[in-house]
Structures are given as structure tokens and as C-alpha cells.
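Reader: Could you take me closely through one part of this model, beginning with a single side chain and then working outwards to the elements around it? I would like a connected account rather than a list.

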Amino acid sequence: MKLLASDYDGTLRRNGVIREKDLVAIRSFRKAGNLFGVVTGRCYDMIRNEFTHYGLELDFLICNNGSTIFDLDGNCLMQINFENDLAQNVLHYLEKEPDLLFGACDGKRYFNETKGNFGKTLFPQPVGHVLSTKEDVLKKNEITAFFYRGSDYAATLRIGNEIKEKFGNALGYHPNGSAMDLSPVGVNKANTLHLLAKTHKDVEITTIGDHMNDIDMVREFNGFAIAEGRDELKRVAKEVVEDIAEAIDRLMD
């Protein structure tokens, strides 16, 4: 049995859609007795309606760059939270930035806010997300991830450098497209896949991704890189492919 763990945005979801070619390949892969799941920087409520929209069935879902794992029914099997004082300090820091889109996730739910001249939506696409209020997300005191995006990529990187100067190694940093995800320290996609591997000891795990937050899992699980992805990722990949369908063809040869 083989298991393919795929990044979502830029890997499975390309140019705003999941292509039928990739959906057909995933169905064939699973029908042959293999497992397919998504490992994403997004939180659960930011992504679940998309799977329903495309009729995409998964064997597992890892969200927030590895801080949460969900089963097929949306039950949370694992969750790693920020220490509460640290979460409050990060939130207050982001709230002070004048031009920013930012938000936080409590495991499943998330909120986002825009400040200043920032008017772009985070993930423009036709499938609606389940957006919660800031008050509802924060009242549990269980924050698993923050995310933010500056007015341009240079601003995103600048803010990231400033956050690193203030919080240092207390946070995990995950560049994700034009956004930056912040996690509890030690959280990344590869580490959570290693946990998953302990319950799938006779399964060959392979990964596929396109961006910087996929580097660890692609390197540690002999993974594929999308040709349109970052060069840094392609340098650690076992093979560069055009899409999910081509990766599955390689795995099923």
C-alpha cells in the first residue's frame, strides 16, 4: 500500500481550481487500495467546503502546517496549541501593524481581519469558507495557528523578520505563497507525517508540494516537487512533476 500526502494550494489546487485530471488520478489511486490525504497550511473551516464541492474523498487531513489532524468525519485527532500568553502577545503584535490581513485558528474555526489599505481576499475562489468571528475563535484559548499577509510579498517578509526579532525561536515560521503562517514551535508538515507513519507502519509514504513550507516533508519522505514551484523545494525533491496526476502515474508504475 502507498500513501500520497499532498500540499493543497499550488499543488492540488492550481490557479484557483482542482483540475478534473487530478481528481480522476486520485480516485484511481485510492481505488487501487492506496491512501491519499492533504497536508495544508489552511485551517479546517477554510478548506472543508472545497472538498465537498469537488467531490474529493480523503483518507486523512492535516491542517495548520501540522498542528491538527482530522479523520474522514472532521473529528480532530490531534491538536497542538500555542501557550496562551504567547498567543496573546502574537495577536497583539499583529493587531498593531497598520496594513495587514491577519487571522488565527482555534483548531477548526478561524477569523481574519484586514487593516489599512489591504483589501485583497485571502483565497479568492468560488467556494465559500466557514468564517467565524474573532470573539468566537479566541474564547476557547486554544490557538493552533496565526496567518498574515502584508500589502505585498516584500511587506510580508519584512513583518516576518520583525516578528522573528521579537519572538525568535518561540514560534514556527512557514512561508506559504504570499502569506506567512505562524505555528507553535516544532510544528511542521514533516513532523506530523512522522506521527502518521507510526500508525501506518507497512505503508510507503510519499509527499508532493510546491512551496517553502513543503520542504521538510518533501525532503524527509522522498517526495515530488511541482514544476511551477519554488526552486528551493525542487532541489530536495526526488523528482519534479507537472501535477498530481503525473506523480500518481510515477507511483503506480
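**A buried aspartate and the sheet beside it**

Author: In this predicted model, the side chain of Asp-7 forms a polar contact of 2.8 Å with the side chain of Thr-11. A further polar contact, at 3.0 Å, links the side chain of Asp-7 to that of Lys-189. Asp-7 itself sits in the loop that runs between strand E1 and strand E2 (13–14). With a relative accessibility of 3%, Asp-7 counts as buried, because the cut-off for that class is under 20%. When neighbours within four places in sequence are set aside, the residues in contact with Asp-7 are Leu-12, Val-39, Lys-189, Ile-208, Gly-209, Asp-210, Asp-214 and Met-217. Asp-7 can also be placed relative to Ile-244, since the two are 237 residues apart in sequence, while their C-alpha atoms lie 10.0 Å apart in space.

Lys-189 leads on to a second buried side chain, that of Asn-213, for Lys-189 is also among the residues that Asn-213 touches. Asn-213 belongs to the loop between E13 and helix H7 (215–220), and its relative accessible area is 8%, so Asn-213 is likewise classed as buried. The side chain of Asn-213 is joined to the side chain of Asn-65 by a polar contact of 2.9 Å. Not counting residues up to four places away in sequence, Asn-213 touches His-174, Pro-175, Asn-176 and Asp-181 in addition to Asn-65 and Lys-189.

The two loops can now be set against the strands that precede them. Strand E1, which spans residues 2–6, has 4 of its 5 residues buried, and it is therefore largely enclosed by the rest of the structure. On one side, E1 runs parallel to strand E13 (residues 204–209), and 5 bridges join the two; within this pairing, Leu-3 has Ile-205 of E13 as its bridge partner. E1 also pairs in the parallel sense with strand E4 (residues 35–39), here over 4 bridges, and Ser-6 has Val-38 as its bridge partner in E4. E4 in turn pairs with strand E5 (residues 60–63), again in the parallel sense and over 3 bridges, with Phe-60 of E5 as the bridge partner of Gly-37.

These pairings are part of an open sheet of 8 strands, whose order is E7-E6-E5-E4-E1-E13-E14-E15 and whose pairing is mixed. Its edges are formed by strand E7 (76–79) and strand E15 (239–241), each of which pairs on one side only. On average, and with direction ignored, neighbouring strands of this sheet are turned by 20° against each other.

Among the helices, one pair can be described in similar detail. Helix H3 (residues 84–96) and helix H5 (residues 153–167) have axes that come within 12 Å and cross at roughly 145°, and the crossing of H3 past H5 is right-handed. From H3, the residues Leu-86, Asn-89, Val-90, Tyr-93 and Leu-94 take part in the contact, and they meet Glu-162, Ile-163, Lys-166 and Phe-167 of H5. Sorted by class, this contact of H3 with H5 comprises 6 nonpolar, 1 polar and 2 charged residues.

Key:
Residues are numbered from 1 along each chain as its sequence is written. This is a predicted model: local features need pLDDT of at least 70, side-chain atom pairs count only at pLDDT 80 or more; totals for chains, interfaces and linings use all residues. Side-chain values use heavy atoms; hydrogens and water are left out. Axes are lines fitted to C-alpha atoms, for helices over the stretch in contact, and angles run from 0 to 180 degrees between N-to-C directions. A crossing is left-handed if the near helix is turned anticlockwise from the far one by less than a right angle, and right-handed if clockwise. Contact means heavy atoms within 4.5 Å. Ala, Val, Leu, Ile, Met, Phe, Trp, Tyr, Cys and Pro count as nonpolar, Asp, Glu, Lys and Arg as charged, and the others, Gly among them, as polar. Buried means under 20% relative accessible area, exposed over 50%, partly exposed in between (1.4 Å probe, protein chains only). Two strands pair if DSSP finds at least two bridges between them. A polar contact is a pair of N or O atoms within 3.5 Å; within protein, one must be able to donate a hydrogen and the other to accept it, and residues adjacent in sequence count only if both atoms are side-chain atoms.
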